[in-house]
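Thanks for asking me to look this one over. Here are my notes, point by point, to read alongside the model.

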Amino acid sequence: MNGPYPVGMRQMEYLDPTDGRHLAFALFYPAAPSDSSAPYKMTFFTNLHLHVDAPVVADTLKRPLIMFSHGAGSNGLYYAWFGQYLAARGYLVAMLYHYRANTYDSTVMYTRSKLWQRPRDIALDITNLLQDHVWGPHIDANRIGVAGHSQGGFTSLWIGGANINPSLPDSLA
């Protein structure tokens, strides 16, 4: 863990109100696990110390929220080490499973043609978390960031205002 907090992990899901798409993610957070709580084991991962569905730490601090967008064909749990690292230091971290573009639910055509859905997914998840009666009170709405890897890194840059030039040849893009 190497941080002041034990780390909880909870699977979360909201629905897109316009079309019913599932907006799923794993939320990593500073936790207050019970003494009898056994850490969660993830196959093929080492040095993770996660407590599934443990209570969030009971304090009144508003914490920064990081939204993490995974790479194409991946999922949020591949980056559990990143979520654990930040949550152990007091952050809330939502590790997304982008709809139809993740390890568990992948459609190649959707992954390639619906990239514009990724920023929308993140915006909807932020809105839902801020309005959530359990998680909203723990989030500092003035300290929300986005991170990502590969296609998720592209998503992060796009949300941050990067301009896309579709007229460039593929070899230069």
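1. A word on terms before we start: a residue counts as buried under 20% relative accessible area, as exposed over 50%, and as partly exposed in between. Please also keep in mind that this is a predicted model. With that cut-off in hand, Phe 82 is partly exposed, because its relative accessible area is 22%. Phe 68, in contrast, has a relative accessibility of 5% and so counts as buried.

2. Those two residues belong together. Five aromatic pairs turn up when the whole structure is searched. In one of them, Phe 68 and Phe 82 make a tilted pair, with 5.3 Å from centre to centre and 50° between the planes. This pair links distant parts of the chain, since Phe 68 sits in strand S4 (residues 63-69) and Phe 82 in helix H1 (residues 80-87), 14 residues apart. Both rings also belong to one aromatic cluster, formed by Phe 68, Tyr 79, Trp 81 and Phe 82.

3. Do look at the charges that sit over rings, too. The charged end of Arg 63 is placed over the ring of Tyr 5, at 4.8 Å from its centre. Arg 89 lies over the face of Tyr 85, and here the distance to the ring centre is 3.6 Å.

4. Which residues form a nonpolar patch on the surface? They are Phe 44, Phe 45 and Tyr 78, which together have about 380 Å² of accessible area. Tyr 78 is found in the loop between S4 and H1. Its relative accessibility is 41%, so Tyr 78 counts as partly exposed.

5. Turning to the interior, the largest nonpolar core has 20 residues, and the members that touch the most others are Phe 28, Leu 50 and Leu 77. At least two residues of this core come from each of strand S1 (7-15), strand S2 (22-30), S4, H1 and strand S5 (92-97). Another core, of 18 residues, lies apart from it and includes Leu 27, Val 56, Leu 92 and Leu 96.

6. Now the salt bridges, of which the whole structure has seven. Asp 16 is a good place to begin. It pairs with Arg 21, the closest N and O atoms being 3.0 Å apart. Both partners are buried: Asp 16 has a relative accessible area of 2%, and Arg 21 has one of 4%.

7. Asp 16 has a further partner, as its side chain also meets that of Arg 120 in a salt bridge (2.8 Å, N to O). Arg 120 belongs to helix H3 (residues 117-131) and Asp 16 to the loop between S1 and S2, so this pair ties together parts that are 104 residues apart in sequence. Arg 120 has a relative accessible area of 27% and is therefore partly exposed. The wider picture is a network of salt bridges that links Asp 16, Asp 19, Arg 21, Arg 120 and Asp 121.

8. One more salt bridge to check is that of Arg 143 with Asp 140, where the closest N and O atoms are 2.8 Å apart. Are its two residues buried or partly exposed? Arg 143 counts as partly exposed, because its relative accessibility is 42%. Asp 140 is buried, as its relative accessible area is 17%.

Terms used. Residues are numbered from 1 along each chain as its sequence is written. This is a predicted model: local features need pLDDT of at least 70, side-chain atom pairs count only at pLDDT 80 or more; totals for chains, interfaces and linings use all residues. Side-chain values use heavy atoms; hydrogens and water are left out. Rings of Phe, Tyr and Trp (its six-membered ring) pair if their centres lie within 6.5 Å; planes under 30 degrees apart count as stacked, over 60 as edge-to-face and the rest as tilted. Helices (H or I, at least four residues) and strands (E, at least two) are DSSP runs, numbered from the N terminus. Buried means under 20% relative accessible area, exposed over 50%, partly exposed in between (1.4 Å probe, protein chains only). A charge sits over a ring if NZ of Lys or CZ of Arg is within 6 Å of the ring centre and within 35 degrees of the ring normal. Patches are made of residues with over 30% relative accessible area and no salt bridge: like charges are joined within 9 Å, nonpolar side chains (Val, Leu, Ile, Met, Phe, Trp, Tyr) within 5 Å. Accessible areas come from the Shrake-Rupley method with a 1.4 Å probe; for residues, only the protein chains shown count as cover. A salt bridge is a side-chain nitrogen of Lys or Arg within 4 Å of a carboxyl oxygen of Asp or Glu. A nonpolar core is a set of buried Ala, Val, Leu, Ile, Met, Phe, Trp, Tyr and Cys residues joined through side-chain atoms within 4.5 Å.
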